[in-house]
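Trainee: I am new to this structure. Please take me through one part of it closely, and then show me what surrounds that part.

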Amino acid sequence: LGAQLLPVLQQQGLKLGDMSIFHRHSDNTDSDEVMFSMANMVKPGTFSLSGMEEFTTPGVSFFLQMPNKLGNMKCFEQMLSAANAVKMSLDAEFKDENRSVFTRQTIEHCRQRLRDFELTLLSRK
């Protein structure tokens with residue numbers, strides 16, 4: 001799995017970084033703002049580049065922190081694109097935070113939750 005996963009992550013601009021998990025930075029340098037991250041589902045959630053050839057896991061988790069200076073929706077869309085690339089290349093299942101099937105409806109619900117979050121932030125200013 002790791003041998004298949006690593007090239008896809010690299011194509012999507014993810015790099016192994018802080019906390020030994022993968023991060024997508026806004027300008028593909030480790031010094032810039034993190035757009036989103038990906039951790040191993042198996043504790044402790046980390047990866048090792050030297051062990052990627054033998055690496056196996058039942059799943060990975062993509063996540064982003066909000067608010068994000070780069071734009072919450074922009075980061076979500078980039079994360080969704082990367083997760084989709086992993087799904088397609090590994091013929092994997094796509095699940096939400098409740099481990100339910102991730103459908104188009106789920107994606108729209110996530111986008112609406114993001115919009116609601118942003119409105120809440122605006123109303124506090």
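Mentor: Start with the helix crossing: α1 passes α2 in a right-handed crossing. This is a predicted model. Helix α1 covers residues 2-11. Its angle with α2 is about 145 degrees. The two axes lie 10 Å apart. Now look at the residues that meet. From α1 come Gln4, Leu5, Val8 and Leu9. From α2 come Ala85, Val86, Ser89 and Leu90. By class, this contact has 6 nonpolar and 2 polar residues, with no charged ones.

Stay with α2 and turn to the sheet. α2 lies across β1, β2, β3 and β4. Against β3, α2 runs at about 35 degrees. The sheet itself is open and has 4 strands. Their order is β1-β2-β3-β4, and the pairing is antiparallel. At the edges sit β1 (14-16) and β4, each pairing on one side only. From one strand to the next, the twist averages 25 degrees. Strands of a sheet pair through backbone hydrogen bonds, either parallel or antiparallel. Take one pair here: β2 (residues 22-25) joins β3 in the antiparallel sense over 4 bridges. Find His25, which stands opposite Val34 in β3.

Next, the pockets. α2 matters to this part of the tour too: α2 gives 7 residues to the lining of the largest pocket, the most of any element. That pocket holds about 960 Å³ of space. Its lining counts 30 residues. Nearest its centre lie Val60, Ser61, Phe62, Phe94 and Lys95. Three elements give two or more residues to this lining: β4 (60-63), α2 (72-90) and α3 (104-124). The lining of the largest pocket divides into 20 nonpolar, 3 polar and 7 charged residues.

The second largest pocket has a volume of about 210 Å³. Here β3 (residues 34-40) gives the most to the lining, with 4 residues. Val34 appears again, among the lining residues of this second largest pocket. Others in the lining include Met19, His23, Glu33, Met35, Phe36 and Ser37. Phe63, Leu64, Gln65, Pro67 and Asn68 line the second largest pocket as well. By class, that lining has 7 nonpolar, 4 polar and 1 charged residue.

Go back to α2 once more. α2 packs against α1, lies across the strands of the sheet, and gives the most to the lining of the largest pocket.

Terms used
Residues numbered from 1 in each chain as written. Predicted model: local features only at pLDDT ≥ 70, side-chain atom pairs only at ≥ 80, totals over all residues. Heavy atoms only, no water. 1 Å grid on protein atoms, 1.4 Å probe; cavity = no way out; pocket = protein on both sides within 12 Å on 5 of 7 lines; lining within 4 Å. Points joined across faces, edges and corners; volume = space filled by probe spheres on them. Nonpolar A, V, L, I, M, F, W, Y, C, P; charged D, E, K, R; others polar. Pairing = 2+ DSSP bridges. Axes fitted to C-alpha atoms, helices over the stretch in contact; angles between N-to-C directions. Contact = heavy atoms within 4.5 Å. Left-handed = near helix turned anticlockwise from the far one by under 90°.
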